[in-house]
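I am opening a notebook on a structure that is new to me, and these entries keep to what I looked up in it, one topic at a time.

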Amino acid sequence: MFLRIVSAVIFSVAGGFAGISFSEHLKSNLELCHKIQEMFLNSKIIIRCRADDVYAIATEFKNNKSFEKLTFLNELPEKYSPEEDFHEMWSNAVDSQKSIPDDIKKILFDFGAVLGQSDIEGQLESIDAISENTEVLEKKYSEMYSQKGKLYRSVGLLFGVMIGILII
């Protein structure tokens with residue numbers, strides 16, 4: 001009987017952890033949107049104030065500690081090389097980070113395609129448009145987290161308890 005009670009408690013805890021894990025995944029997507037918005041704001045400042053090229057922007061992003069979760073930035077070149085296409089390298093780098101959902105990747109692909117493609121005002125306007133799309137996505141993830149986050153935590157714990165009761 002003692003073994004059954006211990007296994008019931010273990011399954012209950014495991015169910016709770018599974019629910020928390022799913023909830024944290026939603027939260028990480030929301031935080032990722034916040035970081036990307038911050039990255040867009042920083043890039044606008046860099047472009048407007050210093051008129052830097054894409055390589056200087058990539059270097060600035062790499063050195064910014066607040067973008068540590070955006071690991072794809074580490075794969076970007078810091079200096080111009082004639083045999084490398086920055087935009088292609090940006091796309092490959094974004095694609096290599098598997099933890100980014102596809103809808104956020106699409107926004108990052110669009111951002112990478114805009115960098116360095118026009119004059120300063122054109123880049124800033126394009127970044128503003130992409131930023132608006134990110135805000136919409138951020139609202140979506142915020143709603144999902146507020147609605148489904150509690151649900152995942154509750155259902156995970158309830159399924160764990162249910163399995164625990166079935167064991168007893």
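**Entry 1: the nonpolar core**

I began with the largest nonpolar core of this predicted model, which has 34 residues, and I noted that Met 39, Phe 72, Leu 73, Trp 90, Ile 104, Leu 108 and Phe 111 are the ones touching the most other members. I then looked up where the core residues come from, and found that H1, H2, H3, H4 and helix H5 (120-167) each supply at least two of them. The largest share comes from H1, which gives eight residues.

Next I took Leu 108 and asked which residues it is in contact with once its neighbours within four places in sequence are left aside. The list I wrote down is Ile 36, Met 39, Phe 72, Trp 90, Val 94 and Ile 100. Among these partners, Met 39, Phe 72 and Trp 90 are also among the core residues that touch the most other members.

**Entry 2: the overall build**

I looked up the secondary structure and found five helices and zero strands in the protein, so that the order of elements from the N terminus on reads α-α-α-α-α. The radius of gyration is 21 Å, well over the 15 Å that the globule rule gives for 168 residues, and I therefore recorded the protein as more spread out than a compact globule. The extents along the principal axes are about 75 × 30 × 25 Å for the C-alpha trace.

I also asked how much of the protein is buried, and the value I noted is 38% of the 168 residues. The accessible surface comes to about 10000 Å², and 59% of that surface belongs to carbon and sulfur atoms. For contacts between residues at least 6 apart in sequence, I wrote down that 67% join residues at least 24 apart.

**Entry 3: helix H2 and its packing**

In helix H2, which covers residues 54-63, I listed the buried residues as Val 54, Tyr 55, Ile 57, Ala 58, Thr 59 and Phe 61. Against which helices do the buried residues of H2 pack? I found helix H1 (2-50), helix H3 (86-96) and helix H4 (102-114).

**Entry 4: a buried glutamine**

I looked up Gln 123, whose place is in helix H5, and wanted to know whether it is buried or exposed. Its relative accessible area is 8%, and because buried means under 20%, I entered Gln 123 as buried. Not counting residues up to four places away in sequence, Gln 123 touches Ile 47, Val 114, Leu 115, Gly 116 and Ser 118.

**Entry 5: salt bridges**

How many salt bridges does a search of the whole structure find? The search finds nine, and I followed some of them one by one.

The side chains of Glu 78 and Lys 62 meet in a salt bridge at 3.5 Å, N to O. I noted that this pair links distant parts of the chain, with Glu 78 in the loop between H2 and H3 and Lys 62 in helix H2, 16 residues apart. Glu 78 is partly exposed at 41% relative accessible area, and Lys 62 also counts as partly exposed, at 21%.

Asp 95 forms a salt bridge with Lys 105, and the closest N and O atoms are 3.6 Å apart. Asp 95 lies in helix H3 and Lys 105 in helix H4, so this pair ties together parts that are ten residues apart in sequence. I recorded Asp 95 as partly exposed, with 41% relative accessible area, whereas Lys 105 is buried, with 7%.

Lys 140 and Asp 103 meet through their side chains in a salt bridge of 3.2 Å, N to O. Here too I noted a link between distant parts of the chain, since Lys 140 is in helix H5 and Asp 103 is in helix H4, 37 residues apart. Lys 140 counts as partly exposed at 39%, and Asp 103 is partly exposed at 26%.

Lastly in this entry, I wrote down a network of salt bridges that links Arg 50, Asp 52 and Glu 60.

**Entry 6: cysteines**

I looked for disulfides and found zero in the structure. I then checked two cysteines for burial: Cys 33 is buried, with a relative accessible area of 1%, while Cys 49 is exposed, with a relative accessible area of 63%.

Key. Residues are numbered from 1 along each chain as its sequence is written. This is a predicted model: local features need pLDDT of at least 70, side-chain atom pairs count only at pLDDT 80 or more; totals for chains, interfaces and linings use all residues. Side-chain values use heavy atoms; hydrogens and water are left out. A disulfide is a pair of cysteine sulfur atoms within 2.5 Å. Buried means under 20% relative accessible area, exposed over 50%, partly exposed in between (1.4 Å probe, protein chains only). Helices (H or I, at least four residues) and strands (E, at least two) are DSSP runs, numbered from the N terminus. Contact means heavy atoms within 4.5 Å. A nonpolar core is a set of buried Ala, Val, Leu, Ile, Met, Phe, Trp, Tyr and Cys residues joined through side-chain atoms within 4.5 Å. The radius of gyration is taken over C-alpha atoms; the globule rule is 2.2 Å times the number of residues to the power 0.38. Accessible areas come from the Shrake-Rupley method with a 1.4 Å probe; for residues, only the protein chains shown count as cover. A salt bridge is a side-chain nitrogen of Lys or Arg within 4 Å of a carboxyl oxygen of Asp or Glu.
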